[in-house]
Amino acid sequence: MKVCIVGCGAVGSLFAANLALLDDVEVWAYDLSTPHVTAINEHGLRLTGAGEVHATRITATADATELPPCDFGLVATKAMHTEAAIAATMHAFRGGSVASVQNGVGNEETLAAHVAQVIRGTTFPAGKMLEPGLVQWDVKGETTLGPFEPRPAPGGEIERLAEACTRAGVPTAAVADARGAQWRKVIFNASTNPVGALTGLTHGRVCELPQLRRLVTGLVDEGKAVAAAQGIDLGADPEELIEHAARPEVAYGHKASMLQDVEARRQTEVDYLNGGIVRFGREHGVPTPLNAAVVALIKGLEHSWTQS
Amino acid sequence: MIERVCVVGGGVIGSLFAAHLSRVSEVWVLTRRPEHARALEDETLAVSGRSDFRGKVRATNDPDAVPPFDIGIVATKGTGLEAAATALEGRFPEATIVTVQNGLGAEAIVRRHGDWPIVSGVTFMSGTRHNDTHVEYILDAETWLGPYDGTPFDRVQELAEVIERGGLKARAFRDLRPAQWSKLIFNATVNAVAALTGLPHDGHFAAEERREDLGHLVRALMEEGKAVAAAAGIELHEDPWEMNVHATRRGSAHYPSMLEDVEARRATEIDLITGALLDESERLGVHLPLHTALYRLIKAKETSWQV
């Protein structure tokens, strides 16, 4: 099977490197970073941390026209780059299915405007780029795939992709309704990432300050209300994820991706996290004042370094 | 008669008061650092910007070395108020003490240290301290004064007049609380948002065209503050949102002190500003979810640089 990773940053690299260890999977990586693409092609892609992997059978390119027809696309770009990434690569997926393993809500809608078979995905593994061709693997965890209801990929295809990922060491479940997992994660991210970004604290430290932890719960409660209004069963309480992640052996010292973005003065994904909760809340008549405040503060922060 | 003034604290606001008042009375500056006092004793205190002159003040870091004075202006940051009031305790029985700290409750802190007549102050002027003997006067806005706890109003008027004669702007109010609350709501909002976003007080704070514009949050925070003022039975002197719009149109964007504190990784005045508003809201049973959220974020941000 041919799989193309669209956006080979930290998360994309975790999938690319692990999948490339399987003899029956041919992995392509599409990424706009020329140094990263060159490093992967010349020296392979290495993961270090939660697992040590050195994958040498990946073909990386920054030129989408080089991509062959693929069975699967795994889109792992930052959410604000989904549109440009799928518009450039859609020709490779005319006969295939495309899964989003991105943060936030609204990515599948963007993919479905370009490709016919879409997989709703949610992934917990996380890491960070250390240098071109080298990614630190910080967090292991489950990935969940399911059909994107308006333009679903066939169930058998979703299972085939999940089976390959699991075999490669990235445990992945194929489910009939992936909305619960997706909303559980978006609530988790939206309630913790911007709090880390605004305070400069790691996930574990955010959870240790009782007053701040109550703010996190306030954000979680708004997200839960929005999910409930859509009839989404979250399966488990996002609070459990937050507590689990705060453990020293899980993600205590992990700087949320949004904090990494803020420290590097990059645009954040707040529009797809808290902004997504606010948007779906508005559609379903659920007030989300704390999430809206977080969007305004993070956007303000982004303005502070674009204007100076 | 106001013949001798003692300014406690030689920051921006203290230096501006000291230099201007030195033109109309004898001025002593009670500093925290001995080298600051020595510099002021050895040199003149220069003011540039909106005023341009050099004033001559006396200075010391030893409260016992200050001769009796008529007016004591406590111009420390809120975080230094307790220490300043302690330095005055048991001294200067003839003095009237003026507080000009941000937030609420500075008068009560001073009162715990002595039974001087107290004048409440709110100042809108601002500037930049270039060094121990040079302050730049940037925003030539008014200082508002009012009686606290039965201080005669003519004492307040006399003080306002002497500040005006020195070249600053001042106004005496019979009841300062409406003005104090307007500024409190304005400050609690603008300082906290600036400290979290890194933005100076600029046009973003008044922008409301798009859904994610910052002005919506600013307005919502001010509405929360106004609900507390209403519950306290205070009719605001100025609408904080109008103050916000006006200030962002002034041209040069003001750098709120809490943003400066955060950038310098210093403790902020959040407890005295937003904390004061939250204390009042609790007392009055008004729920302030947004101010509570910002308060928690800033308190946590302070802990991020303590390790």
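Strand E1 (residues 4-8) of chain B pairs with strand E2 (residues 26-30) of chain B in the parallel sense, over five bridges. Strands are DSSP runs of type E with at least two residues, helices are runs of type H or I with at least four residues, and both are numbered from the N terminus; two strands pair if DSSP finds at least two bridges between them. The model is predicted: local features need pLDDT of at least 70 and side-chain atom pairs count only at pLDDT 80 or more, whereas totals for chains, interfaces and linings use all residues. Residues are numbered from 1 along each chain as its sequence is written, and chains are lettered from A and ligands numbered from 1 in the order in which they are written.

**Strand E1 of chain B**

Within the pairing of E1(B) with E2(B), Val8(B) stands opposite Leu30(B). E1(B) is also joined to strand E6 (residues 71-74) of chain B by four bridges, and these two strands run parallel. In E6(B), Val74(B) is the bridge partner of Val8(B). Four of the five residues of E1(B) are buried, so that the strand is mostly covered; a residue is buried if 20 or more other C-beta atoms lie within 10 Å of its own, exposed if 12 or fewer, and partly exposed in between, with C-beta atoms placed from the backbone. Together with helix H1 (residues 12-21) of chain B, E1(B) and E2(B) make a right-handed β-α-β unit. Right-handed here describes a path from the first strand over the helix to the second that runs clockwise when the strands point away from the viewer.

**Domains**

Domain bounds come from an automatic or database domain assignment. Contact between residues requires C-beta atoms, placed from the backbone, within 7 Å.

| Chain | Domain 1 | Domain 2 | Separation of C-alpha centres |
|---|---|---|---|
| Chain A | residues 2-174 | residues 179-306 | 24 Å |
| Chain B | residues 4-172 | residues 177-304 | 25 Å |

In chain A, 14 residues of domain 1 are in contact with 17 residues of domain 2. On the domain 1 side of chain A, strand E8 (118-123), strand E9 (126-131) and strand E10 (134-139) each supply at least two residues. That side of domain 1 of chain A divides into five nonpolar, five polar and four charged residues. Ala, Val, Leu, Ile, Met, Phe, Trp, Tyr, Cys and Pro count as nonpolar, Asp, Glu, Lys and Arg as charged, and the others, Gly among them, as polar.

In chain B, 13 residues of domain 1 are in contact with eleven residues of domain 2. The side of domain 1 of chain B that touches domain 2 of chain B holds four nonpolar, eight polar and one charged residue.

**Contact between the chains and the nonpolar cores**

Chain A gives 21 residues to the contact and chain B gives 20 residues. Helix H6 (179-199), helix H8 (210-229) and helix H12 (289-306) of chain A each supply at least two residues of the chain A side, and H12(A) provides the largest share, eleven residues. The chain A side divides into twelve nonpolar, eight polar and one charged residue.

A nonpolar core is a set of buried Ala, Val, Leu, Ile, Met, Phe, Trp, Tyr and Cys residues joined through C-beta atoms within 7 Å. The largest such core has 84 residues, of which Ala293(A), Ala192(B), Val193(B) and Leu196(B) touch the most other members. Helix H6 (residues 177-197) of chain B contributes the largest share of this core, eleven residues. Residues up to four places away in sequence aside, Leu196(B) touches Leu198(A), Leu297(A), Leu294(B), Leu297(B) and Ile298(B). A second, separate core of 60 residues includes Ala16(A), Val115(A), Ala153(A) and Ala162(A).

**Helix H10 and positive phi values in chain B**

Helix H10 (residues 274-284) of chain B has as its buried residues Thr274(B), Gly275(B), Ala276(B), Leu277(B), Glu280(B) and Ser281(B). These pack against H6, helix H7 (214-231) and helix H11 (289-304) of chain B. Gly285(B), with a positive phi near 70 degrees, follows H10(B).

Phe92(B), a residue other than glycine, has a positive phi near 55 degrees and is found in the loop between helix H3 (81-88) and strand E7 (96-99) of chain B. Phe92(B) is partly exposed because 19 other C-beta atoms lie within 10 Å. Asp149(B), likewise not a glycine, has a positive phi of about 60 degrees; Asp149(B) lies in the loop between strand E11 (143-148) and helix H5 (153-165) of chain B. Asp149(B) counts as exposed because it has 12 C-beta neighbours inside 10 Å.

Key
Contact = placed C-beta atoms within 7 Å.
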